[in-house]
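Here are my notes on the structure you asked me to look over. Please read them with the coordinates open.

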Amino acid sequence: MLDQRKKTDYVSWVLLVTLLLFAIEISFFHPGVLFSLSISVGVIYVGRKKWHRRKGKWLFWLGCLMLAIHVLTMMTARFVIVALLCYAIWQLFQSKRHPTVIRPTMAETSYGGEEMVRRQPLFQNVWVGRQVTPEQAYEWNDVNIQTGIGDTVIDVSYTVLPKGEAVIIVRGLIGNIQVLVPYEIETRLVHSAIFGAVSLFGKEQGRMFNETLIYQTSSYDQAEQRLKIVTSTIIGNVEVKRV
């Protein structure tokens, strides 16, 4: 809880400093921008009020485009973009050295007199960072996440999959996905990528360019324990490996 509060404080301070820099630049260097920004906001407001009409939609998106152009012409906006990119690169570098290890927990909650068990997901949605499952026994929960930049490693050999079909869904922008599967588990892979490659049980499937591939082991449909892997990336490789 303390770490979350610190992160919230950091974000608040960053937002305040950013707003202060925008105010200083507008007041002392580009006072005319304030009028342009007001026009853009006014167009967005009118378009939102008339959203049910085609003209309203056009006005709304025109206002958004005007606002984006005016903001991006400011030096503060460029500085913020560069700072965010540097921060993302630094976080990615740190995550490579010290990946986040996920240890799921459970908490009991009561809804209307009925006891419910809330399970902690194995992974969280992250903008930047590398996430891996722990190198020790852990309780399985289905995975369904979106990631930004970074790698994801899921080792299924340290857990016991339930009977039926276990599911892993990972959607990412840039980064590699690796899934380590025990030999006795029948597996199905559905992967979509703009650019990348697939390695399935030691066999390279070649480069992909805006493609979708579907593979499954021969006894997948009849197996009591099955693992379905659904992945999609813009740029990145996917490896499914036996361990």
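**Notes on the predicted model**

1. **Confidence by element.** This is a predicted model. Among the elements of the protein chain, strand β2 (residues 106-111) has the lowest mean pLDDT, at 51. Strand β9 (residues 177-181) has the highest, at 92. Where pLDDT is low, the predicted coordinates should not be read in detail. Please treat β2, with its mean of 51, in that light.

2. **Confidence overall.** The protein chain has a mean pLDDT of 80. A value of 70 or more is reached by 84% of its residues.

3. **The aromatic pair.** How many aromatic pairs does a search of the whole structure find? It finds one. The partners are Phe60 and Trp61, with ring centres 5.1 Å apart. Their planes stand at 80 degrees, so the pair is edge-to-face; the cut-off for that class is over 60 degrees. The two partners sit on opposite sides of the burial scale. Phe60 has 16% relative accessibility and counts as buried, because buried means under 20%. Trp61 has 54% and counts as exposed, because exposed means over 50%.

4. **Charges over rings.** Two arginines deserve a look. The charged end of Arg226 sits over the ring of Tyr220, 5.7 Å from the ring centre. Arg242 lies over the face of Phe201, with 4.2 Å to the centre of that ring.

5. **Phe201 again.** Where is this ring in the chain? Phe201 is in the loop between β10 and β11 (203-216). Its relative accessible area is 27%, so Phe201 is partly exposed. The backbone is worth checking too. Most residues other than glycine have a negative phi. Phe201 has a positive value, near 55 degrees.

6. **A second positive phi.** Asn210 is not a glycine either, yet its phi is positive, at about 55 degrees. Asn210 belongs to strand β11. Is Asn210 buried or exposed? With 56% relative accessibility, Asn210 counts as exposed.

7. **The second largest pocket.** This pocket holds about 160 Å³ of space. Its lining has 14 residues, and the closest to the centre are Asn176, Ile177, Asn237, Val238 and Glu239. Which strands supply at least two lining residues each? They are β7 (152-155), β9, β10 (186-200) and β12 (225-242). The lining is mixed in class: five nonpolar, five polar and four charged residues. One of the contributors, β9, is also the element with the highest mean pLDDT.

8. **The cavity.** The structure holds one cavity of 30 Å³ or more. The largest cavity has a volume of about 40 Å³. Its lining is made of Thr147, Gly150, Thr152, Val170, Gly172, Ile174, Gly175, Asn176, Ile177 and Thr233. Strand β8 (residues 164-174) gives the largest share, three residues. By class, the lining of this cavity has seven polar, three nonpolar and no charged residues. Glycine counts as polar in this tally. Asn176 and Ile177 line this cavity, and both are also among the residues closest to the centre of the second largest pocket.

9. **A buried strand residue.** Leu189 is in strand β10. At 2% relative accessibility, Leu189 counts as buried. Its C-alpha is 6.0 Å from that of Val230, although 41 residues separate the two in sequence.

10. **A buried loop residue.** Leu122 is found in the loop between β3 (114-119) and β4 (126-128). Is Leu122 buried or exposed? Leu122 counts as buried, at 1% relative accessibility. Asn141 is 19 residues away from Leu122 in sequence, and their C-alpha atoms are 6.3 Å apart.

11. **A helix residue.** Val80 lies in helix α4 (residues 75-97). Its relative accessible area is 22%, so Val80 is partly exposed. The C-alpha atoms of Val80 and Val14 are separated by 9.9 Å, with the two residues 66 apart along the chain.

Conventions
Residues numbered from 1 in each chain as written. Predicted model: local features only at pLDDT ≥ 70, side-chain atom pairs only at ≥ 80, totals over all residues. Heavy atoms only, no water. pLDDT = per-residue confidence, 0-100. Helix = DSSP H or I, 4+ residues; strand = E, 2+ residues; numbered from the N terminus. Phe/Tyr/Trp six-rings, centres within 6.5 Å; stacked < 30°, edge-to-face > 60°. Buried < 20%, exposed > 50% of the residue type's maximum accessible area, 1.4 Å probe, protein only. Lys NZ or Arg CZ within 6 Å of the ring centre and 35° of its normal. 1 Å grid on protein atoms, 1.4 Å probe; cavity = no way out; pocket = protein on both sides within 12 Å on 5 of 7 lines; lining within 4 Å. Points joined across faces, edges and corners; volume = space filled by probe spheres on them.
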